[in-house]
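Q: Please take me through one part of this structure closely. I am new to it, so start with the pockets and work outward from there.

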Amino acid sequence: MCRPAGCDIFAMPTSGITDVVLFVAGAAIGSFLNVVIYRLPEDKSLLSPPSHCQSCNTRLGFIDLIPVLSYLILRGRCRHCGAPFSPRYMLVEATAGGLAVAAWHLSGFAPYYAAGLFAACAALLVIFFVDLDHMIIPDECVVVVALFGLALDGYHLYVRGADWAIPFTQGIGSQQLIIYLPRSLVGLLVGGGLFLFIGWIFEVALKKPALGMGDVKLAAAMGAILGPGYSLLSYFLLAVLIGAVVAVLLMVLGLKRRGDYIPFGPMMALAAIVMLLYTEPITLWLMSWYGYPAG
Ligand SMILES: [Zn+2]
């Protein structure tokens with residue numbers, strides 16, 4: 001985890017009740033994320049019109065919109081016309097609630113860090129579903145992820161100074177010139193550049209575009225959070241690993257056949273959420289395959 005050193009001084013007392021409140025708040029935000037997932041790719045307003053049943057067009061009231069609970073109480077059907085709602089609405093709400101609690105605990109109960117971590121995970125949750133539906137990665141969501149990385153890096157630089165930046169040294173004549181560059185910016189360039197390169201290789205090999213610009217931008221944003229080192233490498237390996245497992249599962253279940261197109265964006269988003277929450281254990285685990293000591 002890329003938790004800032006020294007952010008423990010901001011840590012707050014916590015209890016089981018805090019977890020319950022955070023889950024409810026996270027699930028309520030999840031309810032809004034459902035609207036974002038549905039309307040953002042179609043360029044519709046996120047605020048109006050208010051939520052309504054897709055089938056009978058009745059405006060949904062308070063009782064229909066309680067996160068998670070409404071779905072369970074109404075058994076996943078519209079109260080007015082009985083049309084079934086997709087269980088995905090509840091899944092997104094419950095996941096957002098769980099992410100809020102996870103971000104709180106993994107941040108060491110530091111509110112600012114937890115809020116940024118949750119915002120990045122929520123943006124990635126939206127990317128997961130929008131890419132699944134439309135094969136688009138919305139720029140707005142990528143910007144949220146990148147901003148978290150830049151803010152985190154800015155905080156580290158503020159606390160640790162030049163020690164945290166990456167030195168580039170070059171001898172010019174008898175002088176040693178050292179330039180310090182922020183980790184987030186170097187990570188951004190390495191992440192985006194690597195994906196441009198991988199995309200180009202696939203395009204040459206397969207003679208058709210394999211990665212979209214959205215994938216490249218998301219890789220760059222993750223580079224801003226993880227920096228240009230082993231964690232970024234682990235993120236790519238994890239995305240490919242998840243992609244391979246999902247592809248094999250889909251083929252075994254008969255949902256896809258060899259050669260069918262499977263979008264890579266959702267795998268990248270899923271790997272990104274897992275990686276943001278568990279940066280250190282996953283980096284150590286994946287790098288141990290290459291003979292680096294785990295622990
Ligand atoms: Zn209805």
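A: This is a predicted model. The largest pocket has a volume of about 840 Å³. Its lining counts 26 residues, and those closest to the centre are Phe202, Leu206, Ala210, Ile262 and Phe264. Two helices named here, α6 (183-206) and α8 (230-252), each bring at least two residues to this lining. The top contributor is α8, with eight residues. By character, the lining splits into 20 nonpolar residues, two polar and four charged.

Now the second largest pocket. Its volume is about 520 Å³. Here 23 residues form the lining, and Ser51, His52, Leu60, Leu65 and Tyr89 are the closest to the centre. Helices α1, α2 and α3 each supply at least two of the lining residues. The largest share, five residues, belongs to α1. This lining divides into eleven nonpolar, seven polar and five charged residues.

Next comes the metal site. A zinc ion is held by four cysteines: Cys53, Cys56, Cys78 and Cys81. Each coordinates through its SG atom, at 2.3 to 2.4 Å. The arrangement is tetrahedral because the four donor atoms subtend angles of 104 to 117 degrees around the zinc ion. Along the chain, the donors follow the spacing C-x2-C-x21-C-x2-C. Two of them, Cys53 and Cys78, link distant parts of the chain, 25 residues apart. Cys53 sits in the loop between α1 (16-39) and α2 (69-73). Cys78 sits in the loop between α2 and α3 (88-106). Both Cys53 and Cys78 are buried.

The loop between α1 and α2 deserves a second look. Pro49 lies in this loop. The peptide bond that joins Ser48 to Pro49 is cis, with omega near 0 degrees. Asp43 is in the loop between α1 and α2 as well. Asp43 is not a glycine, yet its phi is positive, at about 60 degrees. For background, most residues other than glycine have a negative phi, and most peptide bonds are trans. Is Asp43 buried or exposed? The cut-off for exposed is over 50% relative accessible area. Asp43 has 72%, so Asp43 is exposed.

Met135 makes a second case of this kind. Its phi is positive too, at about 55 degrees, although Met135 is not a glycine. Met135 is found in the loop between α4 (111-134) and α5 (139-160). With 52% relative accessibility, Met135 counts as exposed.

Last, the strands. Strand β1 covers residues 166-172, and strand β2 covers residues 175-181. The two pair in the antiparallel sense, over seven bridges. One of the partnerships joins Thr169 to Ile178, which belongs to β2. The hairpin of β1 and β2 has two residues between the strands. In that hairpin, Gly173 takes a positive phi near 65 degrees.

To pull the picture together, return to the region between α1 and α2. The cis bond from Ser48 to Pro49 and the positive phi of Asp43 belong to this stretch. So does the zinc ligand Cys53, which is placed in the loop between α1 and α2. Ser51 and His52 are among the residues closest to the centre of the second largest pocket.

Note on methods
Residues numbered from 1 in each chain as written. Predicted model: local features only at pLDDT ≥ 70, side-chain atom pairs only at ≥ 80, totals over all residues. Heavy atoms only, no water. Donors = N, O, S within 2.8 Å, 3.2 Å for Na, K, Ca; no water. Tetrahedral: all angles 85-135°; square planar, octahedral: opposite > 155°, others 65-115°. Helix = DSSP H or I, 4+ residues; strand = E, 2+ residues; numbered from the N terminus. Buried < 20%, exposed > 50% of the residue type's maximum accessible area, 1.4 Å probe, protein only. Pairing = 2+ DSSP bridges. 1 Å grid on protein atoms, 1.4 Å probe; cavity = no way out; pocket = protein on both sides within 12 Å on 5 of 7 lines; lining within 4 Å. Points joined across faces, edges and corners; volume = space filled by probe spheres on them. Nonpolar A, V, L, I, M, F, W, Y, C, P; charged D, E, K, R; others polar.
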